[in-house]
Amino acid sequence: MARVLIVDDSPTETHKLTTILEKNGHAVLTAANGENGVDVAREHRPDVILMDIVMPGLNGFQATRQLSKGDGTKAIPIVIVTTKDQDTDRVWGMRQGARAYLTKPVDESKLLGTIEEVLA
């Protein structure tokens, strides 16, 4: 069981992801925007972070960059989960420090497999 932080400004997406994760035995933390996500990650040190990109304020790319360079958070794998499916977005996301990139709507088995992969 992993502690997973979901950073997404959509209550609907957060609910969908939470349902999948909890059903499969994971503990879930949530944050509604990038700034809050960075704070929650620093305070709670989740095992993995699911990061949306398009959010008000600090976007997912910026939050990923901060976390992947932060002393206490750089070891936490970040999986970008977004509607943005351009190759340029994918490349940029990985450059910011993400370990994986999934596009919404996310397939349950793909999500769980990716989490397992980045934790291995």
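Helices and strands are here runs of residues assigned by DSSP and numbered from the N terminus, a strand needing at least two residues and a helix at least four. In those terms Ala98 belongs to the loop between H4 and strand S5, the latter covering 100-103. The model in which this loop is seen is a predicted one, and the paragraphs below lead from this loop to the neighbouring topics.

Ala98 has a relative accessibility of 7% and therefore counts as buried, since the cut-off for that class is under 20%. Leaving out residues up to four places away in sequence, Ala98 touches Thr64, Ile78, Ile80 and Gly93. A further relation across the chain is that between Ala98 and Ile49, which are 49 residues apart along the chain and whose C-alpha atoms are separated by 9.4 Å.

Two of the residues that Ala98 touches, Thr64 and Gly93, also appear in the contact between helices H3 and H4. Helix H3 comprises residues 60-69 and helix H4 residues 87-95, and their axes come within 9 Å while crossing at roughly 25°. Because angles under 35 degrees count as roughly parallel, H3 and H4 are described as roughly parallel to each other. On the H3 side the contact is made by Phe61, Thr64 and Arg65, and on the H4 side by Asp89, Trp92 and Gly93. Sorted by class, the residues in this contact of H3 with H4 are two nonpolar, two polar and two charged.

Asp89, one of the H4 residues in that contact, also takes part in a salt bridge, its side chain meeting that of Lys84 at 3.8 Å from N to O. How exposed or buried are the two partners? Lys84, at 28% relative accessibility, counts as partly exposed, whereas Asp89, at 11%, counts as buried.

A search of the whole structure finds six salt bridges, and the pairing of Lys84 with Asp89 is one of those described here. As general background, side chains of opposite charge can pair when their charged atoms come close. Another of these salt bridges is formed by Asp8 with Lys104, where the closest N and O atoms are 2.8 Å apart. This pair links distant parts of the chain, 96 residues apart, with Asp8 in the loop between strand S1 (3-7) and H1 and Lys104 in the loop between S5 and helix H5 (108-119). Asp8 counts as buried at 4% relative accessibility, and Lys104 counts as buried at 14%.

Lys104 has a second partner, Asp52, and the two side chains meet in a salt bridge with an N to O distance of 3.3 Å. Asp52 lies in the loop between strand S3 (48-51) and H3, and Lys104 in the loop between S5 and H5, so this pair ties together parts that are 52 residues apart in sequence. Asp52, at 5% relative accessibility, likewise counts as buried. Asp8, Asp52 and Lys104 are thus linked in a network of salt bridges.

The backbone next to Lys104 deserves a look as well. The peptide bond from Lys104 to Pro105 is cis, with omega near -10°, and Pro105 is placed in the loop between S5 and H5. A second backbone feature concerns Arg45, which has a positive phi of about 45° although it is not a glycine. Arg45 is found in the loop between helix H2 (34-44) and S3, and at 45% relative accessibility it counts as partly exposed.

Asp8 also leads to helix H1, which spans residues 11-23 and contains Thr14. The backbone oxygen of Asp8 lies 3.5 Å from a polar atom of the side chain of Thr14. Thr14 is buried, with a relative accessible area of 13%, and, when residues up to four places away in sequence are not counted, Thr14 touches Ile6, Asp8 and Thr30.

Another threonine, Thr114, lies in helix H5. Thr114 is buried, with a relative accessible area of 9%. Its contacts, apart from neighbours within four places in sequence, are with Val79, Ala100 and Leu102.

Definitions and conventions
Residues are numbered from 1 along each chain as its sequence is written. This is a predicted model: local features need pLDDT of at least 70, side-chain atom pairs count only at pLDDT 80 or more; totals for chains, interfaces and linings use all residues. Side-chain values use heavy atoms; hydrogens and water are left out. Buried means under 20% relative accessible area, exposed over 50%, partly exposed in between (1.4 Å probe, protein chains only). A polar contact is a pair of N or O atoms within 3.5 Å; within protein, one must be able to donate a hydrogen and the other to accept it, and residues adjacent in sequence count only if both atoms are side-chain atoms. Contact means heavy atoms within 4.5 Å. Axes are lines fitted to C-alpha atoms, for helices over the stretch in contact, and angles run from 0 to 180 degrees between N-to-C directions. Angles under 35 degrees count as roughly parallel, over 145 as roughly antiparallel, 65 to 115 as roughly perpendicular and the rest as oblique. Ala, Val, Leu, Ile, Met, Phe, Trp, Tyr, Cys and Pro count as nonpolar, Asp, Glu, Lys and Arg as charged, and the others, Gly among them, as polar. A salt bridge is a side-chain nitrogen of Lys or Arg within 4 Å of a carboxyl oxygen of Asp or Glu.
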